[in-house]
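Student: Could you take me through one part of this structure up close? I would like to see how charged side chains pair up, and then what lies around them.

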Amino acid sequence: MRNRPIPGSSGIVRTMTLLGDPVLHAPCEPVTEFGPSLARLVEDMFATMYEARGVGLAANQIGVRSRVFVFDCPDDEGVRHLGHVVNPVLVEADGVTVRGSEGCLSLPGLEAGTPRFDHAVVEGVTMTGEPVRIDGTGFFARCLQHECDHLEGRVYTDRLTGLRRARVLRAARRAPWARNG
């Protein structure tokens, strides 16, 4: 994917960072400046997420080391959750642990059964600095935890162990998008 405008949108589709890129494996920096550049980043993130057919996207997945993520994700009841969070903090992750299939736009085409809590609460602010609290269950809770992990420099494969981890990492090394060298 190359950086390019989307017709009918003010967002730019940005290049996706892939597993192995150092920006995915380092914690992101808190956002301290709110204004037009942050609003453009959020627009670009939505454009990129939609182009890639994802349900969530963290800023470091497009090479930006800022604590921001966007989402357009259903929960287990089919209710759509749409928004963004700046400087998010995962304040609750509890309930039943569910091992569900999880993928990532930075590991295209790969999935693995990954354990996540079925309830999560994230607090942060909007791009204008207004406080926001997002409460998610089921698949949406998985999305919130996944995106918060990204901002801490983790990908879902870091939560895997044993054979599951070995299989997905082997598949990543063999994938057409894998970095050589």
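Tutor: Happy to! Let's begin with one pair: the side chains of D149 and R116 meet in a salt bridge, with 2.8 Å from N to O. Please keep in mind that this is a predicted model. D149 sits in helix α2 while R116 sits in strand β6 (residues 111-125), so this salt bridge ties together parts that are 33 residues apart in sequence. Are these two partners buried or exposed? Both D149 and R116 are buried.

The pair also has company. D149 and R116 belong to a network of salt bridges that links them with E102, R142, R154 and R159. Across the whole structure, a search finds 11 salt bridges.

Now look at another one, between R67 and E152, whose closest N and O atoms are 2.9 Å apart. R67 is in the loop between β3 and β4, and E152 is in the loop between α2 (138-151) and α3, so parts that are 85 residues apart in sequence are tied together by this pair. Here the two partners have their own burial classes. R67 has 12% relative accessibility and therefore counts as buried, because buried means under 20%. E152, with a relative accessible area of 34%, is partly exposed.

The loop between β3 and β4 (68-74) also holds R65. R65 forms a salt bridge with E29, and their closest N and O atoms are 3.5 Å apart. E29 lies in the loop between β2 (12-13) and α1, so to speak 36 residues from its partner, and the pair links distant parts of the chain. E29 is partly exposed, at 45% relative accessible area, and R65 also counts as partly exposed, at 37%.

Let's turn from charges to rings. How many aromatic pairs are there? The count comes to three. One of them is F46 with Y50, a stacked pair with 6.0 Å from centre to centre and 25° between the planes. Both residues lie in helix α1, four residues apart, which is about one turn of the helix. F46 is buried, with a relative accessible area of 16%, whereas Y50 counts as partly exposed at 40%. Another pair is F69 with F71, and this one is tilted: the centres are 6.1 Å apart, with 55° between the planes. Both F69 and F71 are buried. Ring pairs join these two with F140 in a cluster.

Finally, go out to the surface, where R99, R164, R167, R170, R173 and R174 form a positive patch. Which element gives the largest share of this patch? Helix α3 (residues 162-174) does, with five residues. R174 is found in that helix, and its 67% relative accessibility makes it count as exposed.

Two backbone details are worth a glance too. R53, in the loop between α1 (36-51) and β3 (56-58), has a positive phi of about 60° although it is not a glycine. R53 is exposed, with a relative accessible area of 77%. N87 is not a glycine either, and has a positive phi of about 55°. N87 lies in strand β5 (residues 80-103) and counts as partly exposed, at 21% relative accessibility.

Methods: Residues are numbered from 1 along each chain as its sequence is written. This is a predicted model: local features need pLDDT of at least 70, side-chain atom pairs count only at pLDDT 80 or more; totals for chains, interfaces and linings use all residues. Side-chain values use heavy atoms; hydrogens and water are left out. Patches are made of residues with over 30% relative accessible area and no salt bridge: like charges are joined within 9 Å, nonpolar side chains (Val, Leu, Ile, Met, Phe, Trp, Tyr) within 5 Å. Accessible areas come from the Shrake-Rupley method with a 1.4 Å probe; for residues, only the protein chains shown count as cover. A salt bridge is a side-chain nitrogen of Lys or Arg within 4 Å of a carboxyl oxygen of Asp or Glu. Lys and Arg count as positive and Asp and Glu as negative; His and the chain ends are not counted. The place of a charge is taken as NZ of Lys, CZ of Arg, CG of Asp or CD of Glu. Buried means under 20% relative accessible area, exposed over 50%, partly exposed in between (1.4 Å probe, protein chains only). Rings of Phe, Tyr and Trp (its six-membered ring) pair if their centres lie within 6.5 Å; planes under 30 degrees apart count as stacked, over 60 as edge-to-face and the rest as tilted.
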